[in-house]
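Work through the exercises below with the sequence and the model open. Each task is followed by a solution in steps.

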Amino acid sequence: MSSATPDNNDSPRSIAPVSANPANAVPADDEVMVSLYASRKTIYPRSVSGLFSNWRWVTVWITQIVFYGLPWLEWNARQAILFDLEARRFYIFGLVLYPQDFIYLTGLLVIAALALFLFTAVAGRLWCGYACPQTVYTEIFLWIEKKVEGDRSARMRLDQSAMSASKFGKKWLKHALWILFALWTGFTFVGYFTPIRELAALSLAASLGPWQTFWVFFYGFATYGNAGFMREQVCKYMCPYARFQSAMFDKDTMIVTYDEKRGEPRGPRSKKADPAALGLGACVDCTLCVQVCPTGIDIRNGLQYECIGCGACIDVCDEVMDKVGYPRGLVKYSTQNGMAQGWTTRQMIRRAMRPRVLVYTSILLVISLAVMVSLFLRTPLKVDVIRDRGALARMVEQGRIENVFRLQVMNATESTQRYVIRVSGLPGIAIASEAVIEVLPTEVRSAVLRVQIPPGAAATGSHPIRFDIQAESDAGISVTEKAAFLVPR
Amino acid sequence: MSDFTSDFWNIYVAGLTLVSIIACLILLWVAGTTRAATVDDNTTGHVWDGDLREINNPLPRWWVYLFVITVIFALVYGALYPMFGKFQGALGWSSQGQHTAEVEKVEAAIAPIYAKFNGMPPEKIAADAEAMAIGERLFMNYCAQCHGSDARGAKSFPNLTDQDWLGSGDHAYIKATIGQGRVGVMPPMAAAVGGPEDVRNVANYVLSLSGSPHDAVRATQGKEKFAACAACHGADGKGMAAVGAPNLTDGIWLHGWGEEAIARAVNNGFNNQMPAQAALLNDAQINVLASYVWGMSNKTGN
């Protein structure tokens with residue numbers, strides 16, 4: 001559904017204005033019977049070059065070098081980034097995270113979401129157009145497709161032609177390359193969860209475990225299917241971000257726009273002809289902007305939810321404008337306000353400093369700072385104190401009262417640590433058992449502690465006490481845990 | 001197995017499931033063949049509030065195929081697994097069967113680990129780091145609730161780390177205790193001892209046996225009444241391992257120390273029970289666990 005009123009022309013889709021009289025709004029003879037389902041029309045995006053295309057290739061290279069390269073990095077004789085699900089240890093360079101540190105993942109997701117809000121409010125679907133894996137892999141798969149089958153028109157001709165040896169060869173080669181690339185992607189993905197060097201050796205020996213095999217092939221299959229076949233369908237029908245990003249748009253958001261005032265009425269013309277004399281606008285109706293569009297829309301119909309903001313139409317239109325000798329910018333990054341009021345780019349950029357953007361920015365900065373500080377101050381030691389529940393308290397020699405606690409000590413450093421345990425909170429309280437515990441790197445050990453108080457040191461009931469656990473090697477690594485000491489009747 | 005006496009609910013549930021799946025197919029077929037009216041500006045022609053129009057935004061056709069796949073999946077699933085009433089499915093799967101299979105798998109996996117400790121003398125098992133790590137985990141799971149994480153017990157739950165055993169305390173005794181449990185019975189002895197005063201006197205005498213603070217006059221008077229206790233605890237009060245009667249002279253008080261606690265024991269007796277673990281642990285596990293417990297009071301070499 002959409003609203004469209006003559007004075008509020010911000011509809012995401014371009015629809016002819018409704019007649020004032022609802023009864024006349026729908027002439028009956030216009031009616032067509034259509035299916036509730038549409039069959040997909042294959043899109044053959046024409047390859048394009050230009051500023052935004054270059055930027056997209058830059059982000060493709062950066063994201064892919066990071067994705068394929070990171071698991072191969074080494075750090076202190078282990079993989080720099082490794083999410084060891086089986087041992088529940090997450091190694092990120094110098095950090096060793098436990099499942100208890102999941103709050104940092106929450107922080108990361110909050111930062112990612114806020115960054116998405118911010119970038120979308122400022123410049124539309126930047127994520128979709130430049131960084132989203134769906135876009136990036138589609139771009140790579142399209143590049144392979146183009147290298148094998150040729151550009152748009154060649155591909156269309158090939159698909160329409162009857163099966164021949166050459167067609168079969170081309171298709172076979174394309175799919176082989178796609179599958180190879182997809183498997184490499186799946187392999188890299190699994191390499192984040194099991195050491196990638198071992199994985200490589202296992203793959204070469206064809207002796208991967210059943211789950212490793214499954215995930216390599218499943219992730220590979222998803223890459224192959226999404227980037228090779230689903231493509232814009234993922235953005236149009238499956239992706240929730242595509243839809244809710246529209247909610248972050250306002251009239252000062254930079255989006256890909258078509259300058260309707262300048263372009264219309266569109267139409268072909270001779271190069272020498274004066275468009276003004278012919279009564280034509282700047283749009284030569286070459287339809288190249290439609291041909292290059294990866295989602296197959298016509299940007300001249302205005303902002304549409306299918307538009308992923310990749311800027312391919314800007315690049316190709318600028319090229320055409322240069323050829324016919326018109327000024328560039330018939331299709332350009334602009335805002336709805338800027339379009340309506342004829343603002344310059346500088347004026348539109350100034351509007352970026354609006355409350356929505358400032359609020360997003362400040363929340364993003366505060367949360368990023370909080371996560372950084374918390375990560376920086378994180379103690380690589382975790383302790384859980386568990387009271388013995390069966391035996392609450394007992395009387396031992398000389399009438400001393402004893403409680404038993406189990407301390408679960410988690411060493412989040414990569415060296416063996418000796419921890420000294422102290423107890424305080426009641427007069428004369430002391431640990432009667434071994435108060436030093438040695439824990440191997442990234443291991444968990446539980447220590448049974450007998451804590452005693454002298455007779456009469458505390459009244460009957462529960463008393464708060466605290467355990468201080470400190471590493472022998474580094475006084476900075478210390479944790480304080482609260483517990484309760486029970487004195488029986 | 002059906003929980004109902006008649007087959008009505010079974011047929012009702014199976015029928016309803018099948019009808020629902022078929023209804024889904026019919027719905028998909030109807031929706032797939034229905035044509036809706038639109039006008040050439042790609043709206044359905046419906047206008048509300050003067051300017052609100054409904055755009056025809058069709059789902060892609062492959063989306064319908066996904067629905068069809070779910071229906072096929074449901075039917076295949078229903079044929080293989082229990083889905084239609086009490087029909088077991090071609091694979092004969094049951095949650096109970098899966099549990100049994102998983103337990104068997106784990107038992108087969110751990111059997112070789114335990115196997116190497118079978119027939120090994122307890123001294124050697126207690127000195128084996130791997131066996132002791134296993135023993136500790138078993139102890140924490142099955143024993144620590146009563147005997148405490150440090151195995152030092154609590155009132156009425158024996159300390160397992162001292163040398164004081166109610167029975168012989170050797171490996172076989174501990175194994176039997178874990179497997180079959182123990183019942184420690186002391187009958188109420190008040191009548192045999194005499195009146196309440198006699199009970200107090202006996203209590204003081206018992207305290208005197210371990211050199212605990214006591215009333216010497218009462219202890220002297222209680223000495224002859226102790227004859228009633230001597231049948232089990234022995235004339236010298238040193239207990240009798242064969243019947244599990246505790247030594248009263250060693251200053252270890254399982255059920256509490258002091259005149260009051262002892263008088264309560266004489267008056268009411270005890271029926272102290274340790275539950276059998278044989279249903280939870282197999283022989284090989286009990287063997288390792290018994291060695292672990294044995295090792296706690298028989299530390300050698302340190």
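The model is predicted.

**Exercise 1.** Locate Phe4(B) relative to α1 of chain B, and name the residues of the nonpolar surface patch that includes Phe4(B).

*Solution.* Step 1: Phe4(B) belongs to the segment before α1 (8-33) of chain B. Step 2: the patch is made by Phe4(B), Phe8(B), Trp9(B), Tyr12(B), Val13(B) and Leu16(B). Step 3: its area is about 620 Å².

**Exercise 2.** Describe the open sheet of chain A that contains β6, β7 and β8: give its strand order, its pairing and its edges.

*Solution.* Step 1: the sheet has 3 strands in the order β6-β7-β8, and the pairing is antiparallel. Step 2: β6 (81-84) and β8 (95-97) of chain A each have a single partner strand, so they stand at the edges and one side of each has no neighbour in the sheet. Step 3: from one strand to the next, the twist averages 15°.

**Exercise 3.** For β6(A) and β7(A), find how many bridges join the strands, the bridge partner of Leu82(A), and the residue of the hairpin with a positive phi.

*Solution.* Step 1: β6(A) pairs with β7 (residues 89-92) of chain A over 4 bridges, in the antiparallel sense. Step 2: Leu82(A) has Tyr91(A) of β7(A) as its bridge partner. Step 3: the hairpin has 4 residues between the strands, and Arg88(A) takes a positive phi near 55°.

**Exercise 4.** Do likewise for β7(A) and β8(A), taking Phe90(A) as the residue whose bridge partner is sought.

*Solution.* Step 1: β7(A) and β8(A) run antiparallel and are joined by 3 bridges. Step 2: the partner of Phe90(A) in β8(A) is Leu97(A). Step 3: this hairpin has 2 residues between its strands, and Phe93(A) in the turn shows a positive phi of about 50°.

**Exercise 5.** Is Asp150(B) buried or exposed, and with which residues is Asp150(B) in contact beyond four places in sequence?

*Solution.* Step 1: Asp150(B) lies in the loop between α6 (144-147) and α7 (171-180) of chain B. Step 2: buried means under 20% relative accessible area; Asp150(B) has 11% relative accessibility and therefore counts as buried. Step 3: its contacts are Arg394(A), Glu402(A), Val404(A), Val448(A), Arg450(A) and Thr161(B).

**Exercise 6.** Is Val185(B) buried or exposed, and how far apart in space are Val185(B) and Ser208(B)?

*Solution.* Step 1: Val185(B) sits in strand β5 (residues 182-186) of chain B. Step 2: exposed means over 50%; at 58% relative accessibility, Val185(B) therefore counts as exposed. Step 3: leaving aside neighbours within four places in sequence, Val185(B) contacts Phe270(B) and Asn271(B). Step 4: Ser208(B) is 23 residues from Val185(B) in sequence and 24 Å away in space, C-alpha to C-alpha.

Technical notes. Residues are numbered from 1 along each chain as its sequence is written. Chains are lettered from A and ligands numbered from 1 in the order in which they are written. This is a predicted model: local features need pLDDT of at least 70, side-chain atom pairs count only at pLDDT 80 or more; totals for chains, interfaces and linings use all residues. Side-chain values use heavy atoms; hydrogens and water are left out. Buried means under 20% relative accessible area, exposed over 50%, partly exposed in between (1.4 Å probe, protein chains only). Contact means heavy atoms within 4.5 Å. Patches are made of residues with over 30% relative accessible area and no salt bridge: like charges are joined within 9 Å, nonpolar side chains (Val, Leu, Ile, Met, Phe, Trp, Tyr) within 5 Å. Accessible areas come from the Shrake-Rupley method with a 1.4 Å probe; for residues, only the protein chains shown count as cover. A salt bridge is a side-chain nitrogen of Lys or Arg within 4 Å of a carboxyl oxygen of Asp or Glu. Two strands pair if DSSP finds at least two bridges between them. Axes are lines fitted to C-alpha atoms, for helices over the stretch in contact, and angles run from 0 to 180 degrees between N-to-C directions.
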